[in-house]
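Notebook open, structure loaded. I'm jotting things down in the order I look them up.

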Amino acid sequence: MTAKDLRNPLKVARGLGSSQSGVGHWWTQRVTAAALVVLLIWFVITVLSLLHADYATALATVAKPWNAMLLIIFLITMFWHAVLGLQVVIEDYVTTRWKEVLSLVLIKFLAVLGALASVLAVLRIALTH
Amino acid sequence: MADTRRPLSPHLQIYKWQVQMVSSILHRATGIALAVGTLLVVAGLLHLASGEQSFNQFKEIVGSPIGEILLIGWTWALFYHLCNGIRHLVQDTGAGYAIPQFVRSSWLSVVLSLVLTAVVWAYVLTAGGAA
């Protein structure tokens with residue numbers, strides 16, 4: 001603040017720091033984490049049950065309504081949690097501003113692409129088998 | 001500018017390694033590894049949706065020696081991030097911050113993740129390998 005600045009110091013400080021959406025990020029990361037605890041255990045067991053499964057069995061497993069639904073929830077939650085985690089890592093370690101912004105946008109693009117591609121794959125399997 | 005000759009923290013070269021910092025670093029490292037691993041899940045589903053030939057191709061790549069080594073790595077990363085993630089969720093409630101508890105739960109994450117990885121791969125290998 002320069003000597004000419006007539007604004008109240010509080011007016012200058014407001015809106016800076018973590019007073020904007022930091023809590024939202026923190027909370028969403030925890031909620032997706034809690035969901036993933038359950039979804040991951042289900043996912044690992046499902047994948048292990050498909051050891052040596054042939055194509056038809058794998059298709060039929062994914063196509064079951066409950067499995068397809070849980071798989072889609074898992075995929076969206078997984079990508080969401082991954083973006084939130086990677087975002088913090090990038091914010092911590094990438095110190096050049098333009099590289100930081102570029103990386104943040106890039107991981108979001110990739111996550112949306114990954115989530116959409118995998119969800120569409122599940123839907124295609126579930127709706128045609 | 002501040003006096004740059006003063007020691008900067010964290011001064012990793014002289015910092016004594018302890019399990020608390022290892023568990024914290026590993027949580028990030030495994031998180032990044034798992035974010036890359038999401039691509040494997042996407043690849044698997046896309047191959048499954050593209051037909052039998054493409055699915056068998058995927059199984060072949062995943063079941064190859066390099067594929068299995070990567071899978072073992074990802075399995076451990078998954079279980080470590082899961083165990084330590086649950087530890088962090090418990091700590092978010094304010095519990096477990098006394099130093100002995102903190103050290104003990106760090107070790108618990110490390111050991112449990114190795115045990116779970118061993119159990120899963122013992123099952124996979126006795127069942128005759130992945131894919």
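Is the crossing of α1(B) and α4(B) left-handed or right-handed? I looked, and α1(B) crosses α4(B) in the left-handed sense. Note to self: this is a predicted model.

**Entry 1: the α1(B)/α4(B) pair**

I usually start here, since two packed helices are described by the angle between their axes and the distance between the axes. For α1(B) and α4(B) I get an angle of about 45° and axes 9 Å apart. An angle of about 45° is neither under 35 degrees nor in the 65 to 115 range, so α1(B) counts as oblique to α4(B). Next I pulled the residues that make this contact. From α1(B) they are V19(B), Q20(B) and S23(B). From α4(B) I have F102(B), V103(B), S106(B), W107(B), S109(B) and V110(B). Sorted by class, the α1(B)–α4(B) contact has five nonpolar and four polar residues, and no charged ones.

**Entry 2: helix α3(B)**

I moved on to α3(B), which runs over residues 65-92 and has 28 residues. From first C-alpha to last, α3(B) reaches 40 Å, close to the 40 Å expected at 1.5 Å a residue. Which residues of α3(B) are buried? My list runs W76(B), A77(B), L78(B), F79(B), Y80(B), H81(B), L82(B), C83(B), N84(B) and G85(B). Then I checked what these buried residues pack against: α1 (19-49) and α4 (99-126) of chain B, together with α2 (22-49) of chain A. Just after α3(B), I noted that G94(B) takes a positive phi of about 100°.

**Entry 3: chain A against chain B**

Now the contact between the chains. I count 25 residues from chain A and 26 residues from chain B in it. On the chain A side, the elements giving two or more residues are α2, α3 (55-63), α4 (65-93) and α5 (97-128) of chain A. The largest share of that side comes from α5(A), with seven residues. By class, the chain A side splits into 19 nonpolar, four polar and two charged residues.

**Entry 4: H25(A)**

Last stop was H25(A), which I found in helix α2 of chain A. Is H25(A) buried or exposed? Neither: I get 14 other C-beta atoms within 10 Å, and buried takes 20 or more while exposed takes 12 or fewer, so H25(A) is partly exposed. I also logged its distance to L84(A): H25(A) and L84(A) are 59 residues apart in sequence, but 7.1 Å apart in space, C-alpha to C-alpha.

How values were computed. Residues are numbered from 1 along each chain as its sequence is written. Chains are lettered from A and ligands numbered from 1 in the order in which they are written. This is a predicted model: local features need pLDDT of at least 70, side-chain atom pairs count only at pLDDT 80 or more; totals for chains, interfaces and linings use all residues. Helices (H or I, at least four residues) and strands (E, at least two) are DSSP runs, numbered from the N terminus. The expected span of a helix is 1.5 Å times one less than its number of residues. Two residues are in contact if their C-beta atoms, placed from the backbone, lie within 7 Å. Ala, Val, Leu, Ile, Met, Phe, Trp, Tyr, Cys and Pro count as nonpolar, Asp, Glu, Lys and Arg as charged, and the others, Gly among them, as polar. Axes are lines fitted to C-alpha atoms, for helices over the stretch in contact, and angles run from 0 to 180 degrees between N-to-C directions. Angles under 35 degrees count as roughly parallel, over 145 as roughly antiparallel, 65 to 115 as roughly perpendicular and the rest as oblique. A crossing is left-handed if the near helix is turned anticlockwise from the far one by less than a right angle, and right-handed if clockwise.
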